[in-house]
Amino acid sequence: MEHELTFQKIKEQVELPELLSHFGYTLKKGEHLGRGKWHVFEGDDTLVVFKGRGGDWMYFNAQDDRDKGSVIDWMKNRVSSGRIAGIAQPPGRNLWQAVNDHFRTYLNLPEQQRPRLELPPIAETAPGEKFLSIYTKDCRPLENTTYLEGRGISQATLRHPQFVGRILNHRHTVQRPGLPPKTYVNTAFPAYHEGRVVGLELKGEGFKGQAPESQFSRSLWLSRLPEAQPATVLVVSESALDTLSYAQLHPQESALYASTAGTLTQNKIFELQRLLREEQIPAIRAAFDNDSQGHHFDTRLLAGLASDQNPMKVVREHEHQLTVEIVAPQPAGVQALSRQLQAYNEHTSQQFSQANGIPGTPATSPTLRDALIHSQKAGLHTYQFHLPMHPAALHAFNQAASQTLAFEYRMEIVKSQGKDWNQDLKQDQLQQGVRREFDPLDEDQHGFGQEHWDNPTSEGLGKIAQQHEAQAAARTHGQRQLVLELRESRDAVALLPTLRENLERVGLAIDHATKLEPSTAREIVTELTLRYALDSPRLSTISDALDALRQNPNARVIEPLQDATERRQLAAAREQERQAGASLVPSGSRTHDQARQSFIEAAGRVARALRDGAATLDAARLQEVSKQLLTKSVLTGVNQENVGKVLAVVDTLDALKANPAVAQLRQAAQVLQTPVAPAQQGRQRPAPRL
């Protein structure tokens, strides 16, 4: 029967060298091929084949570091790529079923058709077997902390029981001809695999590397387990330095900390799974860098920990696009995921239209098309999502997937304000220094405290003090001031001229625009200081524009929290006053006029809640429908479509969907989707006041 051929049985019954021979690979001869440690096979690529610690056949592709693993992985990668004739995924069979089918066909071959190879014996290869002597000979307990303290790591963090013994000093002596020997003392982070030290990551001033013979493809740097209580979360980041920074910023006694030394391979995900399983940790928190690679690692981790209910994998990694495949016999999760991604696409399209100065969505624009998330059904219960390799798109997919799909463990994704957690830590310490220097000036008094000012290009302390003074001066005149940071690529069409024009058009004054130092060579960073009056008749438009900018991945709004709250409340009150002065044009139907009035009242409350939740596009849609209902008696066409989109978003927001205003909105919308009875159309009534 089909289910009897398990992957474990395949590993036991299939000899990888013989399987390779069957599919046209030839054994490469020569004494230089590892001295009995492995075999090399040549075919459509070059494969190195060896025995793992458990005795299973393993391999890696010398030309593609993503192509590696067990005999199962070899077949899966050939089914996915179609690189070998005769190995493909038949219609109606998912990837894993196809893998099983090909192994069943191979194992059912007559004995005389099965190749038999006479191979020289090879020894089992254990990770880090040559490394242990280097680790024990050259490492010492942590005494020299100059490098770590220079990166903001405190002695209190280094002395914490979770990190004692997990950070070392590594001594390395260099003897150059004609010169006395020189000894370097670096900071060392030991890498662990199944409890054994198999590598050493080295850091020093102006230097980073690894000790010879280190095995990093499957290992992790780890803290110690909490002493007083079981671990409740496994926090994983890209480097040990970022892990220490995160722990110092967000101390948690019940966490186990791990880092991947800059890469996240499938074997490292297997090791994370082993830790979660064996230590019975219920949750994992991805704290990777806040850049494209960090968001890419989030996607890989989600795929690696997806539940059997909806297996997920990254099937293609391109410089500009990532393709994720999900198998979901029960499509509810994928449908919810698709709805959230559609909302992201709509936000992105609207932002593109606004920045481009063209109303509507130019769906045919190649620039916009490349920025959107696309999906397709690739087979029975199989769905593919094509993600732009851009932080905003990857973040949208990862957040939506973590909320709508099933995983083996509870998934959490956190991101630093800057590029990484060490940058956040140094910025936090800078802010503490500013507060001490300018005491009794309270930075948070005017909103530019630590959580609002994260600007590594600011020159010393003067810039923040000047900003405070400018904000205070604006307040005395009934105005508010904020900062907008815009990042553009030198290779794309400039957005700044259009943005400046649009900002001034909605009623924002631009005090100055300053070019900042970019983080990359192909980037332009501009800082705009914006100002608006609280009594401006266009405050609602100004507030909507600022909230829309917060959703733009290229823009960063630095605004005091109390100012943002104040303008939203005032804008909502002004809008309510405006609508209160508007009159309904009678429809001749008392039922429809009451429903129109009820809809407009409910829409105002729902729009405020959506705005508070940063769903500014949906708030604007509701306001536009309300405006249309002053003269229209029924919901049709675009108005009906917009109401449906808003209610679909509301259904994803637990804090909003139970709001009584939502029920009122639904009830009124249901009435307004029916036509006015002909007998009533001739009757006229005075226009009710809203």
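In this predicted model, nine of the 12 residues of helix H17 are buried, so the helix is largely enclosed by the rest of the structure. The buried positions are Leu539, Ser540, Ile542, Ser543, Ala545, Leu546, Asp547, Ala548 and Leu549. The length of H17, which covers residues 539–550, also fits expectation: at 1.5 Å a residue it should span 16 Å, and its end C-alpha atoms are 17 Å apart, which agrees.

Attention turns next to the nonpolar interior. The largest nonpolar core has 50 residues, and Leu301 and Met312 are those with the most contacts inside it. Helix H13 (residues 391–404) supplies the largest share of this core, with seven residues. Such a grouping can be set beside a general tendency: in soluble globular proteins, nonpolar side chains tend to be buried together. Methionine 312 itself, leaving aside neighbours within four places in sequence, is in contact with Leu302, Ala303, Ala306, Val324, Glu325, Ile326, Phe397, Leu405 and Phe407.

Histidine 296 offers a polar counterpart. This residue sits in helix H10 (residues 292–304) and has a relative accessible area of 10%, so histidine 296 is buried, the cut-off being under 20%. Its side chain is joined to that of glutamate 317 by a polar contact of 3.4 Å. Beyond the neighbours within four places in sequence, histidine 296 is in contact with Glu317, Leu322, Met389 and Leu394.

Lysine 415 is found in the loop between strand S19 (410–413) and helix H14 (421–438). With a relative accessibility of 18%, lysine 415 likewise counts as buried. The side chain of lysine 415 makes a polar contact of 2.5 Å with the side chain of aspartate 298. Apart from neighbours within four places in sequence, the residues in contact with lysine 415 are Phe288, Asp289, Asn290, Gly294, His295, Asp298 and Trp421. Of these, glycine 294 illustrates how the fold brings distant parts of the chain together: glycine 294 and lysine 415 are 121 residues apart along the chain, yet their C-alpha atoms are separated by 8.9 Å.

A comparable pairing involves glutamine 467, which is placed in helix H15 (residues 462–476). Glutamine 467 is buried, with a relative accessible area of 9%. Its C-alpha atom is separated by 9.5 Å from that of threonine 529, although the two residues are 62 residues apart along the chain.

Methods: Residues numbered from 1 in each chain as written. Predicted model: local features only at pLDDT ≥ 70, side-chain atom pairs only at ≥ 80, totals over all residues. Heavy atoms only, no water. Helix = DSSP H or I, 4+ residues; strand = E, 2+ residues; numbered from the N terminus. Expected span 1.5 Å × (residues − 1). Buried < 20%, exposed > 50% of the residue type's maximum accessible area, 1.4 Å probe, protein only. Polar contact = N/O pair within 3.5 Å; in protein donor to acceptor, adjacent residues only side chain to side chain. Contact = heavy atoms within 4.5 Å. Core = buried A, V, L, I, M, F, W, Y, C linked by side-chain atoms within 4.5 Å.
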